[in-house]
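User: Please take a close look at one part of this protein, the nonpolar core. I would like to know what it is built from and how it sits in the chain as a whole.

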Amino acid sequence: MSARAATFLAAAMRPTHFLALRLGDPRLHERVRQLQAQVVAREPTLEPCAVPPERSHLTVLVFHAADDADVQRARDALRDCAPLAQRAFGQAPPALSFSGLGSFGQNVLFARVGPANADLEALSRFVEDVRQLYEHRELIPPSPGEGPAWVPHVTLLKTSRASSPKKRRRGGGAGRLRIRPESYEGLCADLGSHALPSLELCAMRGGGADSGYYPVLAELPLGQLPLGV
């Protein structure tokens, strides 16, 4: 296969959709915004890398949908995850705390989930069950062995966001940008504790809601929130 053909094939198989646990609390969004501003104050060239706080979420899985039929199969699979959610959470949605920072190399800065609790254990098992169901429906490729461990995190900055010509002019381009430890070491990254009321099927592209979040194509409740929450 030629390099040109390989490039076209890779582009055709890029992820187009994902399953996510949305973090919609405005208080979390404000804290994310503050953290991003602190990082950018230390390293101004990282400003184009900041992820809009309104898009905060935990990614469960990503996949490529070739056409509307694939999207419908993904909707059907999400609906069929309902018994898994009922078994994992009953009538109470999971709630997680977020504290501390981590990174994937020098390309992604994220807020960690922690400390660990029973809800995180139940959620991790649920995510694995969902992945197996989507794998069985051939919506995602089979994982070798036991597959990679799920690393729940809230992305704060990523250099790939600086890939457009406009952002390259502002920040130097993703090829040269690095999120170095000195830009975030010592920062307080306590985002608080937040409930995760639903698992959503989202599109990576297209017009989202007025909230600034991704387009949501289907939703699976993960229990009922108590009155007043």
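Analyst: Start with Phe126, in this predicted model. Leaving aside residues up to four places away in sequence, Phe126 touches Cys81, Leu84, Ala85, Ala88, Phe89, Leu199, Leu220 and Leu222. Phe126 is also among the residues with the most contacts inside the largest nonpolar core, together with Leu58, Val130, Tyr134 and Leu199. That core has 56 residues. Helix α5, residues 118-136, gives the largest share of them, eight residues. A second core, separate from this one, has five residues, including Ala20, Cys202, Tyr213 and Tyr214.

Tyr214 leads on to the largest pocket, where it is one of the residues nearest the centre, along with His57, Lys158, Ser160 and Met204. The space in this pocket is about 890 Å³, and 22 residues line it. Ten of the lining residues are nonpolar, eight are polar and four are charged. Strands β2 (57-63) and β5 (153-158) each supply at least two residues of the lining.

As for the whole chain, six helices and eight strands make it up, in the order α-β-α-β-α-α-β-β-α-β-α-β-β-β from the N terminus. Of its 229 residues, 40% are buried. Taking contacts between residues at least 6 apart in sequence, 77% join residues at least 24 apart. On the outside, the accessible surface is about 12,400 Å², and carbon and sulfur atoms account for 53% of it.

Note on methods. Residues are numbered from 1 along each chain as its sequence is written. This is a predicted model: local features need pLDDT of at least 70, side-chain atom pairs count only at pLDDT 80 or more; totals for chains, interfaces and linings use all residues. Side-chain values use heavy atoms; hydrogens and water are left out. Helices (H or I, at least four residues) and strands (E, at least two) are DSSP runs, numbered from the N terminus. Buried means under 20% relative accessible area, exposed over 50%, partly exposed in between (1.4 Å probe, protein chains only). Contact means heavy atoms within 4.5 Å. Accessible areas come from the Shrake-Rupley method with a 1.4 Å probe; for residues, only the protein chains shown count as cover. On a 1 Å grid over the protein atoms alone, a cavity is a set of points where a 1.4 Å probe fits but cannot get out, and a pocket is an open set with protein on both sides within 12 Å along at least five of seven lines; lining residues have an atom within 4 Å of a point. Grid points are joined across faces, edges and corners, and a volume is the space filled by probe spheres set on the points. Ala, Val, Leu, Ile, Met, Phe, Trp, Tyr, Cys and Pro count as nonpolar, Asp, Glu, Lys and Arg as charged, and the others, Gly among them, as polar. A nonpolar core is a set of buried Ala, Val, Leu, Ile, Met, Phe, Trp, Tyr and Cys residues joined through side-chain atoms within 4.5 Å.
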